[in-house]
Amino acid sequence: MAPVSWCVPGDKLCSENECAAGAGVYCRLGHIYSSRAGYVLKKDQGEELPVISVVRNTETQLLPDVGAVVTCKVTSINSRFAKVRILYVGSTPLKEHFRGMIRKEDVQATEKDKVDTYKSFRPGDIVIAKVISLGDVQSTYLLSTAENELGVVVAHSQAAAA
């Protein structure tokens, strides 16, 4: 199923006798034409005719949204917050990494005043968190681990061993 060639809308791909129409194509006057720009794929599915379709190579970038569960890696910590790099939204890996921040008051649901970020996170830890808002002007997402199913899933010891 390797890409055969590049096409644009309206390109004649083949006759209806040679292939069956798939996604991204249309039939007119006995021929199959491209209905979008992309790569032409011919796929033999064990039927009488191979299926021809046009697929796009570009994928839209998934953005973390408020309420989304994200997987991130702790990059640095201080007494007020932990900075993280968002790697996944749900189970979908991101093409680009986004910055996030877990504030001291968003680490746990109860006894928020007793939280010590140095005891909660270490650089390199992998954390499951929920997006609570888009933060400041620098496009830093504000995250929370204040639910039972959220928090550190891979931790590093003080001796830096996993």
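**Strand pairing and ring contacts in a mainly β chain**

Strands β2 and β5 (residues 31-34) are joined antiparallel by three bridges. One of the residues in this pairing is K12, whose bridge partner in β5 is Y33. The model is a predicted one, and this strand pair is a convenient place to enter it.

The pair belongs to an open sheet of three strands, ordered β2-β5-β4 and paired antiparallel. β2 (12-15) and β4 (25-28) are the edge strands; each has a single partner strand, so one side of each lacks a neighbour in the sheet. Between neighbouring strands of this sheet the turn is 30 degrees on average, with direction ignored. As a rule, strands of a sheet pair through backbone hydrogen bonds, in a parallel or antiparallel sense.

The next step is to place this sheet in the whole chain. The secondary structure amounts to one helix and 13 strands, and along the sequence the elements follow the pattern β-β-β-β-β-β-β-β-β-β-α-β-β-β. The chain has 162 residues, of which 32% count as buried. Its accessible surface is about 10,100 Å², and carbon and sulfur atoms make up 50% of that surface. Among contacts with a separation of 6 or more, 52% are between residues 24 or more positions apart.

One residue in contact with others far from it in sequence is L49. L49 lies in the loop between β6 (38-43) and β7 (51-55). Which residues does L49 contact, leaving aside its neighbours within four places in sequence? They are E16, N17, E18, C19 and A20. For A20, which is 29 residues from L49 along the chain, the C-alpha atoms of the two are 5.9 Å apart. L49 has a relative accessible area of 29%, and therefore counts as partly exposed, since buried requires under 20% and exposed over 50%.

Further along the chain come strands β8, β9 and β10. β8 (residues 69-77) runs antiparallel to β9 (residues 81-89), and seven bridges join them. These two strands form a hairpin with three residues between them; I77 has A82 in β9 as its bridge partner. β9 is also antiparallel to β10 (residues 92-103), here with eight bridges, and K83 stands opposite M101 in β10. The hairpin of β9 and β10 has two residues between the strands, and G90 there takes a positive phi near 65 degrees.

The aromatic residues lead back to the opening sheet. The structure holds three aromatic pairs. In one of them, the ring centres of Y26 and Y33 are 5.6 Å apart and the planes meet at 20 degrees, so this pair is stacked. How buried or exposed are its two members? Y26 is partly exposed because its relative accessibility is 31%, whereas Y33, at 17%, counts as buried.

Another pair is formed by F98 and Y141, with ring centres 5.9 Å apart and planes at 85 degrees, so the arrangement is edge-to-face. This pair links distant parts of the chain, as F98 is in strand β10 and Y141 is in strand β12 (residues 141-144), 43 residues apart. F98 is buried at 16% relative accessibility, and Y141 is buried with a relative accessible area of 10%. β10 thus appears in two settings: bridged to β9, and, through F98, in a ring pair with Y141 of β12.

Methods
Residues are numbered from 1 along each chain as its sequence is written. This is a predicted model: local features need pLDDT of at least 70, side-chain atom pairs count only at pLDDT 80 or more; totals for chains, interfaces and linings use all residues. Side-chain values use heavy atoms; hydrogens and water are left out. Helices (H or I, at least four residues) and strands (E, at least two) are DSSP runs, numbered from the N terminus. Buried means under 20% relative accessible area, exposed over 50%, partly exposed in between (1.4 Å probe, protein chains only). Contact means heavy atoms within 4.5 Å. Accessible areas come from the Shrake-Rupley method with a 1.4 Å probe; for residues, only the protein chains shown count as cover. Two strands pair if DSSP finds at least two bridges between them. Axes are lines fitted to C-alpha atoms, for helices over the stretch in contact, and angles run from 0 to 180 degrees between N-to-C directions. Rings of Phe, Tyr and Trp (its six-membered ring) pair if their centres lie within 6.5 Å; planes under 30 degrees apart count as stacked, over 60 as edge-to-face and the rest as tilted.
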